[in-house]
Amino acid sequence: QEVIKESGAEILRLWVAMSDYSEELRVGKEILARAVEAYRKIRNTLRYLASNLYDFDPIDRVPLDHMEEVDRYALARYAAAAGTVVEAYARYDYPTIFQTINQFTTVDLSAFYADVSKDRLYTFGASSKERRSAQTAIFTIADGLVRLLAPILPVTTDELWRHLPGTREASVHMAEFPATADLAAMRDASLERQWEVLLEARSAVNA
């Protein structure tokens, strides 16, 4: 009750998902503080995604083969992470689910994609192909992450679900996980390898 009063029930749920239940469970202020920090990063990343869909209708989605290359790369990284998460759910491997989503939201989205897509989202024409391409990727990722996080963060995801554009189920808990076939269609091994080289160069330049 003290944890719920201080940090909220979602933090307790996330701590459970982070914990390896095959070993002795550990809990304390430092461990819960890490759960709070992880929750904030995930929540803030999801809020960023949703905030850039305020004028987007899924009917305006850009086909995958017409999207900007960086957006296709973001979707490929999302598809890889989502595929791992779906498989981990089948094994009840919650630590892998948390680690995969946390890595994707922190590294691929927050530290990279959100940063490089801001110019197009904020300065390009509202209906321009370049901006719609970014919104298409953001919509796909946000919609998928909310579904995948629903069993772990039921309140947070259900609130966000109601703010995403398009016709959808009344609750995220009535929706299904992303389809395996759809995730496979987003994967592009050669594109991912190409962007890994570009990201290494980007890190070196930034340093």
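1. A residue is called buried here when its relative accessible area is under 20%. By that criterion Arg 147 and Asp 143 are both buried. The model is a predicted one, and the points below concern its charged side chains and the surroundings of helices H6 and H7.

2. Arg 147 and Asp 143 form a salt bridge, with an N to O distance of 2.8 Å. The two residues belong to helix H6 and stand 4 residues apart, which means that about one helical turn separates them. An α-helix has 3.6 residues a turn, so residues three or four places apart point the same way.

3. Helix H6 also contains Arg 132. Which side chain of opposite charge is nearest to this buried arginine? That side chain is Asp 60, at 4.2 Å, and Arg 132 has no salt bridge. The reason is the cut-off: a salt bridge requires a side-chain nitrogen of Lys or Arg within 4 Å of a carboxyl oxygen of Asp or Glu, and Asp 60 is 4.2 Å away.

4. The side chain of Arg 132 does have a polar atom 3.4 Å from the backbone oxygen of Asp 55. Apart from neighbours within four places in sequence, the contacts of Arg 132 are Asp 55, Phe 56, Asp 60, Val 62, Ala 126 and Ser 127. Asp 55 and Asp 60 are thus both among the residues that Arg 132 touches.

5. In helix H2, Arg 13 and Glu 10 are 3 residues apart, about one helical turn. Their side chains form a salt bridge whose closest N and O atoms are 2.6 Å apart. Is each partner buried or partly exposed? Glu 10 is buried, at 9% relative accessible area, while Arg 13 is partly exposed, at 34%.

6. Helix H7 spans residues 154–161, and its buried residues are Thr 156, Thr 157, Asp 158, Leu 160 and Trp 161. The cover over these buried residues includes helices H2 (9–18), H3 (29–51) and H6 (129–149).

7. Asp 158, one of the buried residues of H7, forms a salt bridge with Arg 162 at 3.4 Å, N to O. The relative accessibility of Asp 158 is 16%, so it falls in the buried class. Arg 162, at 54%, counts as exposed.

8. How many salt bridges are there? The count is 12. Besides the pairs described above, a network of salt bridges links Arg 77, Asp 108, Arg 187 and Glu 192.

Definitions and conventions: Residues are numbered from 1 along each chain as its sequence is written. This is a predicted model: local features need pLDDT of at least 70, side-chain atom pairs count only at pLDDT 80 or more; totals for chains, interfaces and linings use all residues. Side-chain values use heavy atoms; hydrogens and water are left out. Buried means under 20% relative accessible area, exposed over 50%, partly exposed in between (1.4 Å probe, protein chains only). Contact means heavy atoms within 4.5 Å. Lys and Arg count as positive and Asp and Glu as negative; His and the chain ends are not counted. A polar contact is a pair of N or O atoms within 3.5 Å; within protein, one must be able to donate a hydrogen and the other to accept it, and residues adjacent in sequence count only if both atoms are side-chain atoms.
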